[in-house]
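I sat down with this model today and kept a few notes as I went. Here they are, in the order I looked things up.

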Amino acid sequence: MSPLSPASAQAIARLRAYVPPPTLYQTLPTSRRAAVLLLLFADRRGDLRVVLTVRSAMLKTFAGHVAFPGGKADSPHETPAQTARREAFEEIGLPLEPLPHSFTIEHLAELPLSLAATNLGVRPCVALLNSPTGGNYEPLVPRLDPNEVQSVFAVPLERFLRVRYGADGERVDPESVDGVPWYTGSWVPWNGSKWKMNEFQAPVWSSSSLTRHRVWGMTARILIDAARIAYGRDPEFSFVDRVGDEDMIKILLDKGEMGKEKDRAESSMIYNKAQLARVKKREENL
């Protein structure tokens, strides 16, 4: 297992102990269910980092946006954890069990549903990737599906509670390099409620070159929720006090605004066959 710093070990313990409130997930139509994977791992200093992706520019929705590995449920019997792991396998090549080279994945917690702009109920699944090589993750190189994912990167989870990113022990504060602030936010109305629009400009270094990725919307909200639970403290900026959007989803569900999508059996059959072909091809390449 990768060595965790004391703060990281406490964060993992809090996530393991977290018990989410009752969820509406199973009451939603299958077409409205989705799950994402918050995959954590310890870096060389033992700090927890979370894996994020940049969606392919070829996608019809949210092209080029930062997101978690994840997607819609395939069947009414698929659990959120199964959906999240399957999608992570398809998008970034994270192997299903058993993992190679004695790596293991521990599922830590599921968070309350978040509401996507496409009216999906999204169940965040938090998991810890354990390395048998003392923090060396090179044997588990991502295999990206270019049709879905443009790139993958990681950010320290604890930073999503801060107004400033700061130095990380190896690099200087990125704001001192390009002048771009780590965090900005504003309150906006949404579905009859006040919702906080949080934006983070995630720094990604390649040698001495700095690139920024905009993390915002539902993805940013889930990261803040996960960080609050893990580190046991509130963020340095104003925030929505509740975790997730179960109450908002309940209102929409009661209004009939999260009903089944139109029946597209033929399209679904073609889609499922394509999915099976992609999975088979990936398994052959592992």
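**Entry 1: the annotated stretch**

I started with the record: an unreviewed UniProt entry carries the annotation "domain: Nudix hydrolase" over residues 31–178. I kept in mind that I was looking at a predicted model. Within residues 31–178, I found the chain to be 11% helix and 34% strand. The C-alpha atoms at the two ends of that stretch sit 42 Å apart.

**Entry 2: the whole chain**

Next I stepped back to the full protein chain, which has six helices and 11 strands. Its C-alpha trace spans about 55 × 50 × 35 Å along the principal axes. I checked the radius of gyration too: a compact globule of 286 residues would come in near 19 Å, and the chain has 19 Å, so the two agree. I also noted that 49% of the 286 residues count as buried. Of the contacts with a separation of 6 or more, 66% join residues 24 or more positions apart.

**Entry 3: the second largest pocket**

Which residues lie closest to the centre of the second largest pocket? I first wrote down its space, about 990 Å³. Of the 31 residues lining this pocket, the closest to the centre are Phe41, Arg49, Tyr137, Phe153 and Ala154. Strands E1 (33–42), E2 (48–55), E8 (149–156) and E10 (193–206) are the elements that give two or more residues to the lining. E8 has the largest share, with four residues. By character, I sorted the lining into 20 nonpolar, three polar and eight charged residues.

**Entry 4: the cavity**

I then searched the whole structure for enclosed space, and one cavity of 30 Å³ or more turned up. The largest cavity has a volume of about 50 Å³. Its lining is made of Lys196, Asn198, Arg221, Ile224, Asp225, Arg228, Phe239, Val240 and Arg242. E10 and H4 each supply at least two of these lining residues, and the largest share, four residues, comes from H4. In this lining I have three nonpolar residues, one polar and five charged.

**Entry 5: a residue in H4**

While I was on helix H4 (residues 217–231), I picked out Thr219, which is found there. Is Thr219 buried or exposed? Its relative accessible area is 8%, and buried means under 20%, so Thr219 is buried. Leaving aside residues up to four places away in sequence, Thr219 touches Leu52, Val66, Ala67 and Phe68.

**Entry 6: backbone oddities**

Last, I went through the backbone angles. The peptide bond from Glu97 to Pro98 is cis, with omega near -5°. I placed Pro98 in the loop between helix H2 (80–92) and strand E5 (104–110).

The loop between H2 and E5 also holds His101. Phi of His101 is near 60°, a positive value in a residue other than glycine. His101 has a relative accessible area of 54%, and exposed means over 50%, so His101 counts as exposed.

I logged Ser207 as well, with phi near 55°, again a positive value in a residue other than glycine. Where is Ser207 found? I located Ser207 in the loop between E10 and strand E11 (209–216). With a relative accessible area of 59%, Ser207 is exposed.

Methods
Residues are numbered from 1 along each chain as its sequence is written. This is a predicted model: local features need pLDDT of at least 70, side-chain atom pairs count only at pLDDT 80 or more; totals for chains, interfaces and linings use all residues. Side-chain values use heavy atoms; hydrogens and water are left out. On a 1 Å grid over the protein atoms alone, a cavity is a set of points where a 1.4 Å probe fits but cannot get out, and a pocket is an open set with protein on both sides within 12 Å along at least five of seven lines; lining residues have an atom within 4 Å of a point. Grid points are joined across faces, edges and corners, and a volume is the space filled by probe spheres set on the points. Ala, Val, Leu, Ile, Met, Phe, Trp, Tyr, Cys and Pro count as nonpolar, Asp, Glu, Lys and Arg as charged, and the others, Gly among them, as polar. Buried means under 20% relative accessible area, exposed over 50%, partly exposed in between (1.4 Å probe, protein chains only). UniProt positions are given in the numbering used here, feature names are shortened, and annotations may be inferred rather than shown by experiment. The radius of gyration is taken over C-alpha atoms; the globule rule is 2.2 Å times the number of residues to the power 0.38. Contact means heavy atoms within 4.5 Å.
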